[in-house]
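Visitor: Please pick one part of this molecule and take me through it closely. I'm in my first year, so explain the terms as you go.

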Amino acid sequence: CICSGSLGGDTLEKTSKHPCYSAEAHHKYARMHLPVAPRCNIQCNYCNRKFDCVNESRPGVTSEVLTPGLACDKFVWVKEKIANLSVVGIAGPGDALADWHLTRQTIAGIKAINEDITFCLSTNGLLLPAYAPEIVALGVRHVTVTVNALDPVISARIYAFITYQGKTYTGTEGAELLLANQLAGIANLVAQGVLVKINIVMIKDLNDTHIPAVVKKMKEMGVFVTNIMPLIPAPGSAFQHLPQTSTKEVNALRDVCQLDIQQMRHCQQCRADAVGLLHEDRSQEFRMGNRSQDS
Ligand code: SF4
Ligand code: SF4
């Protein structure tokens with residue numbers, strides 16, 4: 001339900017048109033992901049950098065990485081063709097905050113063209129404490145953070161390393177640092193009225209039985225929704241030989257966690273350059289390389 005009493009009218013209206021935050025909206029409103037953030041500051045063992053971020057993307061090579069200027073051009077092009085486009089998201093292909101200046105310039109540029117569009121970011125959360133104030137000041141009211149575990153021993157098996165302020169951390173030390181920043185960043189965003197969605201990658205025999213504890217903690221922190229997603233091991237990643245989590249297993253866990261907080265069940269694990277309604281992928285039609293033939 002999106003009718004949370006704490007939401008301001010503007011946020012409420014925008015949420016009702018956000019296909020990922022509102023199950024009703026996903027048949028009516030389109031989103032586009034702008035692939036302006038190629039770098040990442042951590043290494044998840046299920047990710048191969050040649051592939052899109054598993055935070056928000058089906059593994060697959062992103063077709064293009066855009067500068068903020070080209071991203072604004074692409075927005076104008078897509079908005080002309082898809083009138084019900086309501087959301088612009090930045091979901092990599094790396095981390096939306098790893099090169100914050102690129103993400104910030106993109107959002108500011110699109111806002112100058114169309115102030116009604118809803119923005120959405122997805123991040124691993126490492127840099128949220130640094131950028132949450134700017135994210136809020138830019139008018140972003142929907143942020144997704146991937147939190148795979150609270151227990152640093154489990155996290156240490158999921159993340160190969162964390163690079164933070166010029167230093168690289170591994171094992172439980174890296175895991176503790178990542179978690180501390182995620183929690184501080186989420187608390188900051190929630191306190192400022194941002195609707196936070198938590199993505200959790202369900203990895204069999206690794207974090208699956210721990211996920212209900214993660215969901216309970218996220219509920220306690222006031223997040224809007226949790227989105228348990230199946231592990232899709234990227235080819236070439238450290239987890240490439242682990243089994244993909246089945247839909248049945250994910251749904252069974254969502255049923256358990258639904259008792260605590262609403263579960264997103266319609267996530268498509270979209271590409272970082274996805275365009276269109278959630279169930280359609282028009283990313284190839286809207287490649288900037290194809291624009292001259294189209295217009
Ligand atoms: Fe890959 Fe995203 Fe993890 Fe970075 S945060 S390593 S881009 S899945
Ligand atoms: Fe929405 Fe999931 Fe696609 Fe992100 S990956 S745009 S949350 S459906």
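**A small sheet and the helix across it**

Guide: Let's begin with the whole chain: among contacts between residues at least 6 apart in sequence, 74% join residues at least 24 apart. Two residues are in contact here if their C-beta atoms, placed from the backbone, lie within 7 Å. You're looking at a predicted model, where local features need pLDDT of at least 70, side-chain atom pairs count only at pLDDT 80 or more, and totals for chains, interfaces and linings use all residues. Residues are numbered from 1 along each chain as its sequence is written, while chains are lettered from A and ligands numbered from 1 in the order in which they are written.

The protein chain has nine helices and ten strands; these are DSSP runs numbered from the N terminus, with helices being H or I of at least four residues and strands E of at least two. Of its 295 residues, 46% are buried. Buried means 20 or more other C-beta atoms within 10 Å of a residue's own, exposed means 12 or fewer, and partly exposed is in between, again with C-beta atoms placed from the backbone.

Now for the part I've picked. Three strands form an open sheet in the order 2-6-7, and their pairing is antiparallel. Strand 2 (42–44) and strand 7 (167–169) are at the edges with a single partner strand each, so one side of each has no neighbour in the sheet. From one strand to the next, the twist averages 20°. We say that two strands pair if DSSP finds at least two bridges between them.

Follow strand 6 (residues 159–164) and you can see both pairings. On one side, strand 6 is joined to strand 2 by three bridges, the two running antiparallel. Ile42 has Ile162 as its bridge partner in strand 6, and Gln43 has Phe161. On the other side, strand 6 pairs with strand 7 over three bridges, again in the antiparallel sense. Here Ile162 turns up once more, opposite Tyr169 in strand 7.

Strand 6 and strand 7 make a hairpin with two residues between them. Look for Gln165 in the loop between these strands: its phi is positive, at about 50°, although it is not a glycine. Gln165 has 8 C-beta neighbours inside 10 Å, so it counts as exposed.

Next comes helix 6 (residues 171–191), which lies across strand 2, strand 6 and strand 7 and runs at about 60° to strand 6. Angles like this run from 0 to 180 degrees between N-to-C directions, using axes that are lines fitted to C-alpha atoms, for helices over the stretch in contact. You can check the length of helix 6 yourself: at 1.5 Å a residue, its 21 residues should span 30 Å, and the end C-alpha atoms are indeed 30 Å apart. (The expected span is 1.5 Å times one less than the number of residues.)

Several residues of helix 6 are buried, among them Gly174, Ala175, Leu178, Leu179, Gln182, Gly185, Ile186 and Leu189. Asn181 is on the buried list too. Just past the end of helix 6, Gly193 takes a positive phi of about 85°.

Helix 6 also leads us to a second open sheet, with seven strands in the order 9-8-5-4-3-1-10 and mixed pairing. Strand 9 (225–230) and strand 10 (275–276) are its edges, each with a single partner strand, so one side of each is left without a neighbour in the sheet. Helix 6 packs on this sheet, touching strand 5 (142–146) and strand 8 (195–202), and its direction makes about 160° with that of strand 5. Inside the sheet, strand 3 (85–90) and strand 4 (118–123) run parallel and are joined by four bridges, with Val88 standing opposite Phe119 in strand 4.

One last stop is what follows strand 8. Asp205 sits in the loop between strand 8 and helix 7, and it has a positive phi of about 65° although it is not a glycine. Asp205 counts as exposed because it has 8 C-beta neighbours inside 10 Å. After that loop, helix 7 (residues 211–221) lies across strand 8 and strand 9, running at about 175° to strand 8.
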